[in-house]
Amino acid sequence: MQTVHADRLVDDYVKDLDSELRRLPDNRRREILEEVRQHISEARAALEAETEANVRTVLELLGDPAEIATEAKKRFGVVDKPGTPLLEIATVVLMIIPFVGWAVSTVLLWMSNLWTRRDKIIGTIGALAFLPVGAIGVASIRPEVQGPLAVEDAGPGIDASTVGSLVSDSPVDGDVGLLELWMIFIILAIPIATAIYLGMRLRALRQSGPAIP
Amino acid sequence: MELGQGTLRSMEPGKARIDLSQLRRGTLEYCVLAVLRGGERYGFELVRVLSEVDGMVMSEGTIYPLLSRLRQEKLVTTSWRESETGPPRRYYRLTKTGEQALAIFIEGWALFRDAVDKLLEQEGGKDANRAR
């Protein structure tokens with residue numbers, strides 16, 4: 001009767017340890033489990049009397065399964081991952097979606113407690129880069145914007161053909177198209193680069209543990 | 001003796017324990033290697049030897065992850081031996097790499113220990129003077 005009870009204590013202990021060690025590589029987990037099991041049977045064999053209390057003492061000396069597992073994780077550099085960082089992944093993904101994505105991404109970025117303050121500032125600049133770049137763009141595209149406006153403002157004195165020839169003869173016309181393309185490219189590329197940066201930082205921070213503020 | 005106690009008392013008791021456990025953890029692997037210098041041992045035996053030294057091992061079970069790690073690092077090697085009683089045992093033996101690592105540690109430890117002792121004695125002396 002006593003032995004049956006003791007066996008159950010040991011079984012429960014080993015089961016607990018097995019489950020606590022689940023994050024460890026399989027071969028390491030098996031090895032540790034095997035050795036602990038062996039230790040228990042050696043210790044039990046050395047007991048004067050195999051009472052429940054004595055077996056309990058053997059297990060107490062071994063220590064809490066969670067403590068052994070914590071030690072194992074530390075020794076093998078296994079990090080307890082705090083789950084998938086959904087907020088951070090959403091931030092990175094939204095960062096590549098123009099306008100609405102950029103805005104939402106910026107808000108999420110500041111809600112995260114994984115990235116450092118510096119990352120957040122860089123991320124914000126990247127997400128909102130379209131504002132200054134766009135403003136510069138609008139300012140340089142102005143001649144073209146003014147073109148059609150000029151037609152309306154031209155009044156009855158100048159006929160359409162004159163205006164048309166003015167616009168098409170304008171030497172800046174072709175350059176403006178190219179410039180516009182460049183602006184769009186830059187506006188789209190900066191957030192993508194920012195998203196890549198944030199993604200890389202996320203990976204690095206998760207490997208080295210939580211950020212120290 | 002008096003001086004040492006004086007220094008300890010000025011520290012938070014909880015904190016002192018944490019610091020010691022980290023110190024213990026960092027040096028335990030070399031203590032294992034040092035025990036194996038005397039010849040191969042099986043796990044239970046090794047744990048017994050280490051536990052006999054006061055304050056060295058808090059939870060016996062934590063030795064096994066360490067042994068597994070030492071094996072992975074090839075500082076120790078293992079082999080199975082039949083035992084007269086019960087199932088075969090896994091014996092741990094020091095490797096050449098393990099011996100080298102231990103030799104380097106012994107040298108470093110002597111310097112480290114002397115440096116700490118020197119500082120502790122200086123601090124203790126100051127405390128005693130202030131108390132007077």
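This report walks through a predicted model of two chains, A and B.

## How sure is the model?

Let's start with the scores. The model as a whole gets an ipTM of 0.79 and a pTM of 0.58. Chain B has a mean pLDDT of 83, and 78% of its residues reach 70 or more. One stretch of chain B to treat with care is residues 1–11, where the pLDDT is below 50. Beyond near neighbours in sequence, that stretch has six contacts in the model. Where pLDDT is low, the predicted coordinates should not be read in detail.

## Where the two chains meet

Now for the interface. Chain B puts 25 residues into the contact, and chain A puts in 20 residues. Between them the two chains bury about 2,200 Å², with 50% of that area on carbon and sulfur atoms.

Which residues of chain B lose the most area to chain A? They are B:Arg25, B:Phe44 and B:Tyr64, and together this trio makes up 27% of what the chain B side buries. Keep these names in mind, as they come back further down.

## Charged partners

Side chains of opposite charge can pair when their charged atoms come close. Over all chains, the count comes to 19 salt bridges, and six salt bridges are found across the interface of chain B and chain A. For an example with one partner in each chain, look at B:Arg71 and A:Glu31, whose side chains meet in a salt bridge at 2.9 Å, N to O.

Chain A also has a pair of its own: the side chains of A:Asp18 and A:Arg29 form a salt bridge at 2.8 Å, N to O. A:Asp18 sits in helix H1 (residues 2–20) of chain A and A:Arg29 in helix H2 (residues 26–45) of chain A, so this pair ties together parts that are 11 residues apart in sequence.

## A closed space with walls from both chains

How many cavities of 30 Å³ or more turn up in a search of the whole structure? The search finds one, and its volume is about 40 Å³. Chain A lines this cavity with A:Glu35, A:Gln38 and A:His39. From chain B come B:Tyr42, B:Gly43, B:Phe44, B:Tyr64, B:Arg89 and B:Arg90. So here are B:Phe44 and B:Tyr64 again.

H2 of chain A gives two or more residues to this lining, and so do helix H3 (43–52) and strand E3 (89–94) of chain B. H2(A) supplies the largest share, three residues. By class, the lining is an even mix: three nonpolar, three polar and three charged residues.

## An open pocket

The second largest pocket has a volume of about 330 Å³. Its lining takes in 16 residues, and those nearest the centre are A:Glu67, A:Glu71, B:Ser21, B:Arg24 and B:Arg25. Helix H4 (65–75) of chain A and helix H2 (13–36) of chain B are the elements that give two or more residues each.

Of these, H2(B) provides the largest share of the lining, six residues. Sorted by class, the pocket lining has four nonpolar, six polar and six charged residues.

## Two backbone oddities

Finally, have a look at two loops. A:Phe99 has a positive phi, near 55°, and is not a glycine. A:Phe99 is in the loop between helix H5 (86–94) and helix H6 (100–111) of chain A.

In chain B, B:Lys74 has a positive phi of about 60°, again without being a glycine. The loop that holds B:Lys74 runs between helix H4 (63–72) and strand E2 (76–81) of chain B.

How values were computed:
Residues are numbered from 1 along each chain as its sequence is written. Chains are lettered from A and ligands numbered from 1 in the order in which they are written. This is a predicted model: local features need pLDDT of at least 70, side-chain atom pairs count only at pLDDT 80 or more; totals for chains, interfaces and linings use all residues. Side-chain values use heavy atoms; hydrogens and water are left out. On a 1 Å grid over the protein atoms alone, a cavity is a set of points where a 1.4 Å probe fits but cannot get out, and a pocket is an open set with protein on both sides within 12 Å along at least five of seven lines; lining residues have an atom within 4 Å of a point. Grid points are joined across faces, edges and corners, and a volume is the space filled by probe spheres set on the points. Helices (H or I, at least four residues) and strands (E, at least two) are DSSP runs, numbered from the N terminus. Ala, Val, Leu, Ile, Met, Phe, Trp, Tyr, Cys and Pro count as nonpolar, Asp, Glu, Lys and Arg as charged, and the others, Gly among them, as polar. pLDDT is the predictor's confidence in each residue, from 0 to 100. Contact means heavy atoms within 4.5 Å. Buried area is the accessible area (1.4 Å probe) that two parts lose on being put together, summed over both. A salt bridge is a side-chain nitrogen of Lys or Arg within 4 Å of a carboxyl oxygen of Asp or Glu.
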